Amino acid sequence: MHLQRPFRFGVNMFVPGSRREWSAKCRRAEELGFDVVGVADHLEFSAPFPAMVLAAETTERVRLSTFVLNTPFYNPVLLARDVASTDQFVDGRMELGLGAGYVKAEFDTAGIPFPSGGRRVEQLEKTVTTLRRLFGDTKYQPRPAQPSGPPLMIAGWGDRLLRLAAAHADIIAFTGGWASTTGEELHLAGIAQTAERVAYVRGLLGDRAAAVELNILVQQVIPPAERTAVPDRFAPLLPPDAADTPEELPSVLIGTPAEMAQQLKERRERYGFTYFTVMEYNMENFAPVIAALR
């Protein structure tokens, strides 16, 4: 039985819009009971740091997270300045989510070389150690509002990235699957695969296990009326051990709000996940689940 932290719920925003539209949906997320508003980092989405500052202006309590930065796009020293400034401007409500980047087309569009997976993890490690060093220096300016900088989330799936997360992260985010080599397709992880990945991380965490929060990105929130269509709609994505029981997939929720709430309790018990993030398009569908658990 895992140590049971309280649940936290996040919504990952990515649809760009006007100042008014962005502010309204961030306020709505807070009204619905979400704990964290995340901002995705892709070229056609809103830029994360100004989006977080604007979200802070129109909300009162939600935490604000980059979910997650395409880290190879950023110079670590310049990123530290953006992170520290943003944490100041949002009064210490920031969480910093970092990933290794996975969509080759975005690198091509930006004119940035697309390194191997191992090289991207090395770039991520350099960024993490640079941020830790700078924020640990009491003379560093600008100072983040949180003394050691924002809590650090590292997201991924492979061994090298999870080793890095186990060594440095306050929050480890499991993507619920893995991307193709170009990043254009996502393969959902099965039940056994997810259990193996969590066990791998817990073995690496050792004494840190109780201090690290485990997150999973929920890819789909499906109401009962759409349950029968799931095998046909998602057949290419479903792993063999969940082809007939997709509601057991850690990254999928299917059923009534009460049934989904029970699924989350089971996932907290089985895997230790306590922080669940849904996509923006599932924000309203997921809100009754939050209410059911509270």
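**Exercise 1. Where is proline 142 found? Describe its peptide bond and its surroundings.**

Solution.
- Step 1: place the residue. In this predicted model, proline 142 sits in the loop between α5 (117–136) and β5 (152–156).
- Step 2: check the peptide bond. The bond from glutamine 141 to proline 142 is cis, and omega is near 0°.
- Step 3: judge the burial. The cut-off for buried is under 20% relative accessible area. Proline 142 has 19% relative accessibility, so it counts as buried.
- Step 4: list the contacts. Beyond its neighbours within four places in sequence, proline 142 is in contact with Arg81, Ala84, Ser85 and Gln88.
- Step 5: add a backbone distance. The C-alpha atoms of proline 142 and alanine 80 are separated by 9.0 Å, and these two residues are 62 residues apart along the chain.

**Exercise 2. Examine two further backbone features, at valine 68 and aspartate 91.**

Solution.
- Step 1: recall the background. Most peptide bonds are trans, and most residues other than glycine have a negative phi.
- Step 2: take valine 68. A cis peptide bond joins phenylalanine 67 to valine 68, with omega about -15°. Valine 68 belongs to strand β3.
- Step 3: take aspartate 91. Its phi is positive, near 55°, in a residue other than glycine. Aspartate 91 is in the loop between α3 and β4.
- Step 4: judge its exposure. The cut-off for exposed is over 50%. Aspartate 91 reaches 69% relative accessibility and therefore counts as exposed.

**Exercise 3. Is helix α2 largely enclosed or not, and what covers its buried residues?**

Solution.
- Step 1: count. Helix α2 covers residues 48–58, and eight of its eleven residues are buried.
- Step 2: name them. The buried residues are Pro48, Phe49, Ala51, Met52, Leu54, Ala55, Ala56 and Thr58.
- Step 3: find the cover. It includes the helices α1 (19–31) and α3 (76–89), along with the strands β2 (36–39), β3 (63–70) and β4 (94–99).
- Step 4: conclude. With eight of eleven residues buried, α2 is largely enclosed by the rest of the structure.

**Exercise 4. Trace the aromatic pairs, then the charges over rings.**

Solution.
- Step 1: get the total. The structure holds 13 aromatic pairs.
- Step 2: take one pair. Phenylalanine 9 and phenylalanine 286 are edge-to-face, 5.6 Å centre to centre with 65° between the planes. This pair links distant parts of the chain: phenylalanine 9 lies in strand β1 (residues 8–13) and phenylalanine 286 in helix α10 (residues 283–293), 277 residues apart. Both phenylalanine 9 and phenylalanine 286 are buried.
- Step 3: take another. Phenylalanine 273 and phenylalanine 276 are also edge-to-face, at 6.5 Å between centres and 80° between planes. Phenylalanine 273 and phenylalanine 276 are both buried.
- Step 4: join the pairs. Ring pairs connect Phe7, Phe9, Phe34, Trp157, Phe174, Tyr271, Phe273, Phe276 and Phe286 into a cluster.
- Step 5: look for charges. Arginine 8 lies over the face of tyrosine 275, 4.4 Å from the ring centre. The charged end of arginine 197 sits over the ring of tyrosine 200, at 4.8 Å from its centre.

**Exercise 5. Which residues touch the most other members of the largest nonpolar core?**

Solution.
- Step 1: name the hubs. This core has 79 residues, and Phe34, Leu98, Ile154, Ile172, Phe174 and Phe286 touch the most other members.
- Step 2: inspect one. Not counting residues up to four places away in sequence, isoleucine 172 touches Ile154, Leu162, Ala165, Ala166, Val201, Leu205, Val212, Glu213, Leu214 and Asn215.
- Step 3: look beyond it. Apart from the largest core lies another, of eleven residues, including Phe14, Val36, Tyr275 and Met279.
- Step 4: check a buried loop residue. Asparagine 282 is in the loop between β12 (275–279) and α10. At 3% relative accessibility, asparagine 282 counts as buried. Leaving aside neighbours within four places in sequence, asparagine 282 contacts Gln219, Gln220 and Val221.

**Exercise 6. Characterise the whole chain.**

Solution.
- Step 1: count elements. The chain has ten helices and twelve strands.
- Step 2: test the globule rule. For 294 residues a compact globule would have a radius of gyration near 19 Å; the chain has 18 Å, which agrees.
- Step 3: get the extents. The C-alpha trace spans about 55 × 40 × 40 Å along its principal axes.
- Step 4: assess burial and surface. Of the 294 residues, 53% count as buried. The chain exposes about 13,100 Å², with carbon and sulfur atoms supplying 54% of it.
- Step 5: check contact range. Among contacts between residues at least 6 apart in sequence, 75% join residues at least 24 apart.

Definitions and conventions. Residues numbered from 1 in each chain as written. Predicted model: local features only at pLDDT ≥ 70, side-chain atom pairs only at ≥ 80, totals over all residues. Heavy atoms only, no water. Buried < 20%, exposed > 50% of the residue type's maximum accessible area, 1.4 Å probe, protein only. Helix = DSSP H or I, 4+ residues; strand = E, 2+ residues; numbered from the N terminus. Contact = heavy atoms within 4.5 Å. Phe/Tyr/Trp six-rings, centres within 6.5 Å; stacked < 30°, edge-to-face > 60°. Lys NZ or Arg CZ within 6 Å of the ring centre and 35° of its normal. Rg over C-alpha atoms; globule rule 2.2 N^0.38 Å. Areas by Shrake-Rupley, 256 points an atom, 1.4 Å probe, with all protein chains shown as cover. Core = buried A, V, L, I, M, F, W, Y, C linked by side-chain atoms within 4.5 Å.
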